[in-house]
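Please open the structure in your viewer and keep the selection tool at hand. The tour below suggests what to select at each stop and says what is there.

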Amino acid sequence: MAPLAYDEIETVNAYNIATDAALPPDHPGRIAMRRGNAFVARDQIPADFAIHRLYRSEPFQRFVAACFGLVQVHELADPLAGLCLNVISPGLEHPWHFDTNEFAVSMLTQEPECGGEFEFCPNIRTAQAENFPAVRAVLAGEGAHLVRRLVLRPGDLQLFLGRYSMHRVSPVQGGIARHSAIFAYTERPGVLGSVARTRQLFGRVLPGHLAAEASAVRVDALLD
Ligand SMILES: O=C(O)CCC(=O)C(=O)O
Ligand SMILES: [Fe+2]
């Protein structure tokens, strides 16, 4: 599947809002990074592939909900971002960011030779507080005490709160790309990515994204 990924390298910030947005001088959203990972979207992954069956599987969804202490989780209503394959080629990285969706479940499917480590800052923000000073420190390379690192092996299932825990995949080194499958679920049904974010990630939007933009279901009032 990896050759199908949309691989436009892009300049982004941790919030995936416009990099020319009018922000105060010390705002962490002003720190630009190079996003080199490429996504294969859900609508490109055949419905009968194991990874797609797993994403839709009710027992799997019940397991994920139980792990997060929830009664139920819902598939992201987004036809592109609900299930993705994340491809990071040698020399590239997936820089610090927050996810749109609250709960992220991922599985490493191909391990790089070197680098490509998953790093995260547990609950660096909440739905009520952005905590810009700590975010800025991590982005400036001065927040090592806030950063945890997780060694993943192919087949490892990882669950995390990507909307509140800023995270990244460090630059991949060696000759082998890092591949992971990303399963996106939400507590409330009907959540789609914004038109701008969807274009950034996949290079295209579908009619559903445009229709949802006016009446988007948001889980909080955070910046992105
Ligand atoms: O590939 C990974 O392990 C993390 C991917 C990620 O953070 C994302 O897709 O938002
Ligand atoms: Fe993420």
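**The whole chain**

Begin by selecting the entire protein chain, where 49% of the 224 residues count as buried, a term that stands for under 20% relative accessible area, while exposed stands for over 50% and partly exposed for what lies in between, with a 1.4 Å probe and protein chains only. This is a predicted model, in which local features need pLDDT of at least 70 and side-chain atom pairs count only at pLDDT 80 or more, whereas totals for chains, interfaces and linings use all residues. Residues are numbered from 1 along each chain as its sequence is written, chains are lettered from A and ligands numbered from 1 in the order in which they are written, and side-chain values use heavy atoms, with hydrogens and water left out.

With the chain still selected, turn it about its principal axes, along which the C-alpha trace spans about 50 × 45 × 35 Å. The radius of gyration of the protein chain is 17 Å, which agrees with the value near 17 Å of a compact globule with 224 residues; this radius is taken over C-alpha atoms, and the globule rule is 2.2 Å times the number of residues to the power 0.38.

Next, colour by secondary structure to find five helices and 14 strands, which are DSSP runs numbered from the N terminus (helices: H or I, at least four residues; strands: E, at least two).

**The annotated span**

Now select residues 79–187, where UniProt, in an unreviewed entry, places the feature "domain: Fe2OG dioxygenase"; such annotations may be inferred rather than shown by experiment. Within this span, 7% is helix and 42% is strand, and the C-alpha atoms at the two ends lie 17 Å apart.

**Aromatic rings**

Select the aromatic side chains, among which the structure holds nine aromatic pairs. In one of them, the ring centres of phenylalanine 39 and phenylalanine 202 lie 6.0 Å apart with the planes at 45°, so the pair is tilted; rings of Phe, Tyr and Trp (its six-membered ring) pair if their centres lie within 6.5 Å, and planes under 30 degrees apart count as stacked, over 60 as edge-to-face and the rest as tilted. This pair links distant parts of the chain, with phenylalanine 39 in strand 3 (residues 38–40) and phenylalanine 202 in helix 4 (residues 195–202), 163 residues apart. Are these two residues, phenylalanine 39 and phenylalanine 202, buried or exposed? Both phenylalanine 39 and phenylalanine 202 are buried.

For the last stop, select Tyr55, Phe60, Phe183 and Tyr185, which together form one aromatic cluster.
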